[in-house]
Amino acid sequence: MSSSGNNLMRWFRGAGSQAKSEEGAKSAPRTRRTCIGLGEFMRNLTSSGEQKMCVLDLGPNLAHNIALLTEMGVRVFNEDILSESQDASYSVKQEDESLQIDAAKFFAENLDYAADQFDAILFWDVADYLPEGLVKPLVERLQAMLKPKGHLLAFFSHQGCRK
């Protein structure tokens, strides 16, 4: 695996800063465990046989990610869906003067892919940061775009959950 791949894998295994936030320091100690999700995801990309796999990366356009996947012989499509969701042209003023994203307009201009097009999707932690009105329709769209027995890698923060 290339050095960029090793760096990516090391990051997901938890190497790096051990700094705790004040909130984290007050809570009960957390058990540290190795994240195997990315490793399993990558193993599934390499066991495809002769057919060139197709991956959708929904994070920012990072050269390291693209290089790693293309070195593996994977066709990569990239959409920074979080950045796109911040575009003011998708916001609609509600009766109470608040702004909400117009999901129909957003999807008319983004993620325009065929059903069953992708073998795998890198969803990362995008759902934690998207406007709430986009999350459910986005998950439904991803399900349609993912081939049967396709793989989706997603991370979710427990801190983002509402009670």
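**Exercise 1. A bridge between two strands**

Task: Which residue of strand 6 is the bridge partner of Ile-121?

Solution. This is a predicted model. Look along strand 6: the bridge partner of Ile-121 there is Leu-152. Now widen the view. Strand 5 covers residues 118–124, and five bridges join strand 5 to strand 6. These two strands run parallel.

**Exercise 2. The sheet**

Task: What is the order of the strands in the open sheet, and which are the edge strands?

Solution. Start with the order. The sheet has four strands, ordered 2-1-5-6, and the pairing is parallel. Next, take the ends. Strand 2 (75–78) and strand 6 (146–154) each pair on one side only, which makes them the edge strands. Last, the twist: from one strand to the next, it averages 20°.

**Exercise 3. Helices across the sheet**

Task: Which strands does helix 7 lie across, and which does helix 3 lie across?

Solution. Take helix 7 (residues 132–145). It lies across strand 1, strand 5 and strand 6. Its angle to strand 6 is about 135°. Then take helix 3. It lies across strand 1 (54–57), strand 5 and strand 6. Helix 3 runs at about 150° to strand 6.

**Exercise 4. The buried side of helix 3**

Task: Why are the buried residues of helix 3 on the same side?

Solution. List them. In helix 3 (residues 37–46), the buried residues are Leu-38, Gly-39, Phe-41, Met-42 and Leu-45. Check their directions. They cover an arc of only 160° around the axis, so they sit on the same side of helix 3. The spacing follows a general rule: an α-helix has 3.6 residues a turn, so residues three or four places apart point the same way.

**Exercise 5. Ser-85**

Task: Is Ser-85 buried or exposed?

Solution. Locate Ser-85 first: it belongs to helix 5 (residues 81–85). Its relative accessible area is 6%. Buried means under 20%, so Ser-85 is buried. Now find its contacts. Leaving out residues up to four places away in sequence, Ser-85 touches Ile-101, Phe-106, Leu-130, Pro-131 and Leu-134.

**Exercise 6. The nonpolar cores**

Task: Which element gives the most residues to the largest nonpolar core?

Solution. The largest nonpolar core has 21 residues. Leu-56, Leu-58, Leu-111 and Leu-142 have the most contacts inside it. Strand 1, helix 6 (103–109), strand 5 and helix 7 each supply at least two residues of this core. Helix 7 gives the most, with four residues. Apart from this core lies another, of 13 residues, including Leu-38, Met-53, Leu-122 and Trp-124.

Conventions
Residues numbered from 1 in each chain as written. Predicted model: local features only at pLDDT ≥ 70, side-chain atom pairs only at ≥ 80, totals over all residues. Heavy atoms only, no water. Buried < 20%, exposed > 50% of the residue type's maximum accessible area, 1.4 Å probe, protein only. Arc of directions from axis to C-beta. Pairing = 2+ DSSP bridges. Axes fitted to C-alpha atoms, helices over the stretch in contact; angles between N-to-C directions. Contact = heavy atoms within 4.5 Å. Core = buried A, V, L, I, M, F, W, Y, C linked by side-chain atoms within 4.5 Å.
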